[in-house]
Every structure is written in structure tokens, then in C-alpha cells.
Amino acid sequence: MKNILWILIILFFSGCTLKSVPLPKDGSALLVVPQEGILKHGKQGFAFFYSLTVEDSQGEEYYFKITPDTSKNFIVVDNLAAGNYKIVKRQRCLRIKAKTKDNCQNQKTKRITFELKQNSATILGFVFKTVQEARKDGKKGGTVSAKFYKLSINDLNNYKQKFMILENSDKWEINLS
């Protein structure tokens, strides 16, 4: 009986994933960031979200947020124009309001570069993997690891196939970064 309940829960959450991507506008571009969220021993959800700063070739900075999720394969960023970019900064931020000066702290990140082309969706060649493990004894606390990992060509093609299932994905030319 428990197995049937878990199957129903998994089917419900898999139905809550990203189902469509924005339609292309003249000269627009999409950045598709593969992501994987893993919760171990915890039932409360992820404690942090991540704010990333990207810089274009003229030094202009843009921001986007990654909120780890066990049921989503991607973060789709649609506020960047076509051009060359690099990830220059990452912050880890508490998802709940706390009585601290600042709920965010700077973290080291890989200097990933990528190019966005007009009317194209570019799938980043790195996955942002977040693993959060609660303490096994049930007390508060635990560990969190969040990093970019280089994707193999097979894994990158698997993410491409998953992206191509989404509604409106056929309207975009798909590039692999």
C-alpha cells in the first residue's frame, strides 16, 4: 500500500514540472540551465535558493535565481539578450526570513562562459546540482552542497530531449553550450 502511495505522489509531482517555455519574440534568446535537486533524510524542502550574476561582454551584469527542486529538470532564463556571457558570482540565500543582517552570502562559483543566439534556446553544458541532507537523528541542521558539474555529451543530449518535450520548445532553435 505504501508503494502505491509513493507512486501517486511521484506522479503528482512530476505533473507539476515546467510544461512550457515562452514563445520567441523578435531577437529573443533563452538560457536553459539543467538542475538537479536531491533531498536526503529531509521532508521540509530546500533551505536555500541561489542568486547568480552573469556579465555580458560589455561588463553589464544580469541576475537570475535558481531555486532547487526535486521535480524540475531546468531553470529557464528569458531576460537575457543574444550575446556572450560568463557567470561571475553566486550567492546562497535563506528561503525563509531570519533575524540576520543579510540572508545571503557570497560563494565561489565556476567561471562558466556561454553564448546566446537570437531566437535560440541554449542549454548550458553544466548541471547545477544541489544535495541537501538533514541529520539522521532528526535534530535541526544538516549539510548542503550546491555546485555546477560539467555534463557529458550523452547527459547534455538527454537534457536536450527532455527540453524538446516541453510545449513551445519546437519554436526555438536549440543550441548546446
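At 33% relative accessibility, Asn119 counts as partly exposed. This residue of the predicted model sits in the loop that runs between strand S7 (113-116) and S8, and its backbone deserves a look: phi is positive, at about 55°, although Asn119 is not a glycine. Most residues other than glycine have a negative phi. A second asparagine shares this feature, with phi of Asn168 near 75°, again a positive value in a residue other than glycine. Asn168 belongs to the loop between H2 and strand S11 (173-176). Here the relative accessible area is 17%, and Asn168 is buried, because the cut-off for that class is under 20%; Asn119, at 33%, is partly exposed.

Strand S8 (residues 120-123) includes Ser120. How buried or exposed is Ser120? With a relative accessible area of 1%, Ser120 is buried. Its side chain makes a polar contact of 3.3 Å with the side chain of Asn175. Once neighbours within four places in sequence are left aside, the contacts of Ser120 comprise Ser28, Ala29 and Leu30, together with Trp172, Glu173 and Asn175. Asn175 thus appears both in this contact list and as the partner in the polar contact.

The covalent cross-linking can be told briefly, as the structure holds 1 disulfide. Cys93 and Cys104 are the residues joined, with an S to S distance of 2.0 Å. The link is right-handed, with 110° about the S-S bond. Which parts of the chain does the pair tie together? Cys93 lies in strand S5 (residues 83-94) and Cys104 in strand S6 (residues 104-107), so the disulfide ties together parts that are 11 residues apart in sequence. The two ends of the link fall into separate accessibility classes: Cys93 is buried at 2% relative accessibility, whereas Cys104 is partly exposed at 23%.

Turning to the aromatic side chains, a search of the whole structure finds 6 aromatic pairs. A pair of aromatic rings is described by the distance of the centres and the angle of the planes. For Phe74 and Phe163, which form one of these pairs, the values are 5.9 Å centre to centre and 85° between the planes, an edge-to-face arrangement. This pair links distant parts of the chain, 89 residues apart, with Phe74 in strand S4 (residues 74-77) and Phe163 in helix H2 (residues 153-165). Both rings belong to buried residues: the relative accessible area of Phe74 is 5%, and Phe163 comes out at 0% relative accessibility. Elsewhere, ring pairs link Tyr50, Phe128 and Phe148 into a cluster.

Aromatic rings also meet charged groups in this model. Over the ring of Phe48 sits the charged end of Arg92, 4.3 Å from the ring centre. Lys150 likewise places its charged end over the ring of Phe126, at 5.1 Å from the centre of that ring.

How values were computed
Residues numbered from 1 in each chain as written. Predicted model: local features only at pLDDT ≥ 70, side-chain atom pairs only at ≥ 80, totals over all residues. Heavy atoms only, no water. Disulfide = S-S within 2.5 Å. Helix = DSSP H or I, 4+ residues; strand = E, 2+ residues; numbered from the N terminus. Buried < 20%, exposed > 50% of the residue type's maximum accessible area, 1.4 Å probe, protein only. Phe/Tyr/Trp six-rings, centres within 6.5 Å; stacked < 30°, edge-to-face > 60°. Lys NZ or Arg CZ within 6 Å of the ring centre and 35° of its normal. Polar contact = N/O pair within 3.5 Å; in protein donor to acceptor, adjacent residues only side chain to side chain. Contact = heavy atoms within 4.5 Å.
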